[in-house]
Amino acid sequence: MEGSIEMDTAVMNPALVETRIGPAGKTLPELYRQFLIEYPARLADARMKTIRGFDLRFDSVMSAALALNQTLQSWNYSDEMQLGNSSFKAELMKNILKLDFIGLSGRVVFDSNGDRTSVVMIYQLRNLTRHLVGLYDPIANAANWTHANLWFAGGSPPVDAPELLTRQLQLSEAGTIALTSASSIGIAVSIATVAVNFHYRELRLIKMSSPLVNNVIGAGCLMCYASCIVMAVNSHWAVSTGLCWTQTALLTIGYSAAFGAMLAKTWRVHRIFTNVKLRRVTIKDSHLFAVILLVLATDVALLVTWAIFDPMTVQRFFLPAVETEAGTLLKTVIDECTCNNMTIWIGVELGIKGLLLLFALFFAWETRTVQVEALNDSKKIGVCVYNTTVMGLIGVVILFALPSSSQDLKVSLIASCIIICSSTTLILVFGSKIFMLIKRGPARVGDNESAMRNPGGIVVPLS
């Protein structure tokens, strides 16, 4: 029972005992002593020994007088008025309920049941003794705590409900560092391969494989790596609409740049070596870049349409609260970039990318018998398409199957699929050429005519 809180009611506010009231500016005890001096016969009344009985009786009489006075003023009663008249009693009760004045016992107000509104006195039990710690005035709807502070076991008040904690679901620091590091390494490798490809662009081995177009493939892979960094940053820190659009644009355009360039290269080989009439066929790099730009224009048109008609916004979702061992409730908050028709837009994106893969795969299959190794990348493109298809399907399943609560696993697996696809593409497109440069040296590679076998009568342009 030690420290327990008790409540009691009192008609008189204890604070009024020492308050000077009335025209004379005297306290209630002073007024009571003056009353006894003027009416000494009241000393014989045992019930009038203290101010406690006097003030309540005085306020009761005053309440009756004020209510009767108000009732008689509002009704035209005769001298022989019957006090039992129902209309008179109703009006009298109505006026009693309207009373609001400062009496000797404090403010006099009655509730709807005709009872005097009481002050709530708050006590705390300490060492088996009640200590007044506060007062609550229901009329003024105000609480007044005394100088005696509340005491609580343990030093703090007990909770009336479980503590609710909110946690922002984010990518872990370890996951962010891992994805950022892997993507940064991929970007460095992309830059290195593009630099080597550009530096040795005049070597016959590299020149026949369209080094400028290969640079576009390297740039596309670099953008895919960069999208993984943006994804990690956006998932670890505060989610923003700008980063969501940046991630989507980098991945979309980077993918189309890489595979659009592969498509253009296989299309050129297909045009040259399926020329049944053996006419002179000249397809320059400018034609290949036109194909790449067409693919990229499709992506740009889709992204602009998406942004205008159904823009992505950051929306907050709450997972069900979970009670911890400490008794607190933990509510997890997830911020995601989404829009009204997110599934449809993703489906359109995947449809365009799938169509791009099918065209690349078709041209690679049609040119599989071409033996000009430096010119024909059909086998490599076939492996890239296969790898991208498998990783893409895995990524789509992860995107829609894993719940948002599995933030670490979901983001890590999707980013891993992108990194694997980009790395495989870089290795297959640039790996063999760089390996041959390291193994044989630029001079021997430049004179290597055995790898450049070309059917007679067909002119293969080198620029």
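The following legends describe close-up views of cysteine residues in a predicted model.

**View 1. The disulfide between C244 and C337.** A search of the whole structure finds one disulfide. This bond joins C244 to C337, with an S to S distance of 1.8 Å. The link is right-handed, with 80 degrees about the S-S bond. C244 belongs to helix α7 (residues 241–273) and C337 to strand β10 (residues 329–338), so the disulfide ties together parts that are 93 residues apart in sequence.

**View 2. Surroundings of the two bonded cysteines, C244 and C337.** The relative accessible area of C244, the residue in helix α7, is 7%, and C244 is therefore buried. C337, the partner in strand β10, has a relative accessible area of 16% and is likewise classed as buried, because the cut-off for this class is under 20%.

**View 3. C221, a cysteine in no disulfide.** For C221, the nearest cysteine sulfur is that of C224, at 6.2 Å. A disulfide requires two cysteine sulfur atoms within 2.5 Å, so the separation of 6.2 Å leaves C221 and C224 without such a bond to each other. C221 is buried, its relative accessible area being 2%.

**View 4. C421, a cysteine in no disulfide.** The sulfur of C417 is the nearest cysteine sulfur to C421, at 6.7 Å. This distance does not meet the criterion of within 2.5 Å, and C421 and C417 are therefore not counted as a disulfide pair. With a relative accessibility of 12%, C421 counts as buried.

Definitions and conventions. Residues are numbered from 1 along each chain as its sequence is written. This is a predicted model: local features need pLDDT of at least 70, side-chain atom pairs count only at pLDDT 80 or more; totals for chains, interfaces and linings use all residues. Side-chain values use heavy atoms; hydrogens and water are left out. Helices (H or I, at least four residues) and strands (E, at least two) are DSSP runs, numbered from the N terminus. Buried means under 20% relative accessible area, exposed over 50%, partly exposed in between (1.4 Å probe, protein chains only).
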